[in-house]
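Here are some notes to read alongside the model, written for someone opening it for the first time. They go from the whole chain down to single residues.

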Amino acid sequence: MMLWKEMPVEMGNGTTVQEFTLEGFPAIQHLGKVLFLVHLLAYLASITGNAVIVTIICADSRLQTPMYFFLSIFSFFECCFISAVIPKLLVIFLLGRQTISFLACFIQAFVFVYLGAAGFLLIAVMSVDRYMAICKPLHYPTIMNLKTCFLLVTACFTLAFTLITSLVVKVSQLSFCGPHVIPHFFCDLGALIHLSCSDTRSVEMLVFVLALLILLTSLIITVIAYSNIVVTIVRLPSAKERQKAFSTCSSHLIVLSMIYGSCVFIYVKPKQTNKLDSNREAALVNTVVTPLLNPVIYTLRNKQVHQALRETMCRMKISR
């Protein structure tokens, strides 16, 4: 962080860049109060839903297994992920304050991309966990113990931090000559690179390579894991067993399809020019819609979580 405070970013006339302006959604800005209310409700619902999942998993001893441990980490990550973006968007809708300081902008960009990268690595780990549980059930309790789970989560966040820190620092060292209007509702790295008057070819290629590396690595691991899972499930003798095995994975697959679809659309392309408008809508899906739907999908489609939630609510009613 100190690098960004001390680093002068010069404009064309020799003055230092102090702030950027977030454009948001100019075409519908006149609906600011309505948009504020809609996004506030979505934000609160998402935070509440994911917090409920974390609380239930921590409180119910039956859910303290590797699968639900990873799910609780993923839900906590979702709360942090949307909190990096949505509060500023709410301020824009309500008060029309669209400026953000240079330092705050790059902190937001770092937190958003870092949590996004860590999330994709965590998704790959969750896929491997499902593979071990279904395809290697005898070895599963031994391999996927508490220590292994903690090490895997730590590895996800450490690797993401290492990859993303160098990228964000490199982007922050570019020159910004104006205009300083970011055509997005948060400090997106692609939009910041597009605003720079420096030679950005190397940075654009680095963004593309890292995005491809993280997304493809996660996707390949997930595809291999679920391909083996499908083969194993098909070979199960009983229809009841097949249904039970598939039900443990279906929620994860629905969430995966939404996340991968929007992120591949946003990041896996070498050029950001002329694609920023479409990025806004795709990013909105990732930052508002997906985190909002995750608790619903995992709660309604997972019988154990659903049962634990109902029992918790019954205990709360009795205690009153």
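1. Start with the overall picture. Of the 320 residues in the protein chain, 47% are buried. Keep in mind that this is a predicted model. The accessible surface of the chain comes to about 15,800 Å², and carbon and sulfur atoms account for 69% of it.

2. What is the chain built from? It has 12 helices and three strands. As for how the parts meet, take the contacts between residues at least 6 apart in sequence: 80% of them join residues at least 24 apart.

3. The three strands are worth a look. They form an open sheet in the order β2-β1-β3, with mixed pairing. At the edges sit β2 and β3, each of which pairs on one side only. In general, strands of a sheet pair through backbone hydrogen bonds, and the sense can be parallel or antiparallel.

4. Here is how the mix works out. Strand β1 (residues 19-22) pairs with β2 (residues 99-101) in the antiparallel sense, over three bridges. With β3 (residues 181-182), β1 pairs in the parallel sense, over two bridges. T21 is a handy residue to click on: it stands opposite T99 in β2 and opposite V181 in β3. On the β3 side you'll also find L22 opposite I182.

5. Which side chains of β1 are buried, and which are not? They alternate along the strand. F20 and L22 point to one face and are buried, while E19 and T21 point to the other face and are not. So for L22, a buried side chain goes with a place opposite I182 in β3.6. Next, H30, in the loop between β1 and α2 (32-59). Is H30 buried or exposed? H30 counts as exposed because its relative accessibility is 66%, above the 50% cut-off. If you want a partner far along the sequence, try F93: H30 and F93 are 63 residues apart in sequence, yet 9.0 Å apart in space, C-alpha to C-alpha.

7. S72 makes a good contrast. This residue is found in helix α3 (residues 66-83). With a relative accessibility of 8%, S72 counts as buried, since the limit for that label is 20%. What does S72 touch? Leaving aside its neighbours within four places in sequence, S72 is in contact with V54 and I57.

8. How many salt bridges does a search of the whole structure find? Three. One of them links R62 and D60, whose closest N and O atoms are 2.9 Å apart. The two partners sit in unlike surroundings: R62 counts as partly exposed at 41% relative accessibility, whereas D60 counts as buried at 9%.

9. Another salt bridge joins D129 and R130, with the closest N and O atoms 3.1 Å apart. Are these two residues buried or exposed? Both D129 and R130 are buried. There is also a salt bridge between D199 and R201, where the closest N and O atoms are 2.9 Å apart. R201 counts as exposed, at 60% relative accessibility.

10. On the surface, have a look at L216, L219, I220, V223 and I224. Together they make a nonpolar patch of about 410 Å². I220 is placed in helix α9 (residues 201-234). Why does I220 count as partly exposed? Its relative accessibility is 47%, and that label covers the range between 20% and 50%.

11. Finally, a comparison with the record. Under "transmembrane region", an unreviewed UniProt entry lists residues 34-57, 69-94, 100-128, 149-169, 205-225 and 245-268. Two of these spans can be set against the model. Residues 149-169 are 100% helix and 0% strand, and their end C-alpha atoms lie 30 Å apart. Residues 205-225 are likewise 100% helix and 0% strand, with 29 Å between the end C-alpha atoms. The annotation itself comes from the UniProt entry, while the helix content and the end-to-end distances are computed from the model.

Note on methods. Residues numbered from 1 in each chain as written. Predicted model: local features only at pLDDT ≥ 70, side-chain atom pairs only at ≥ 80, totals over all residues. Heavy atoms only, no water. Patch = residues over 30% accessible without salt bridge, like charges linked within 9 Å, V, L, I, M, F, W, Y side chains within 5 Å. Areas by Shrake-Rupley, 256 points an atom, 1.4 Å probe, with all protein chains shown as cover. Salt bridge = Lys/Arg side-chain N within 4 Å of Asp/Glu carboxyl O. Helix = DSSP H or I, 4+ residues; strand = E, 2+ residues; numbered from the N terminus. Buried < 20%, exposed > 50% of the residue type's maximum accessible area, 1.4 Å probe, protein only. UniProt positions renumbered as here; feature names shortened; annotations may be inferred. Contact = heavy atoms within 4.5 Å. Pairing = 2+ DSSP bridges.
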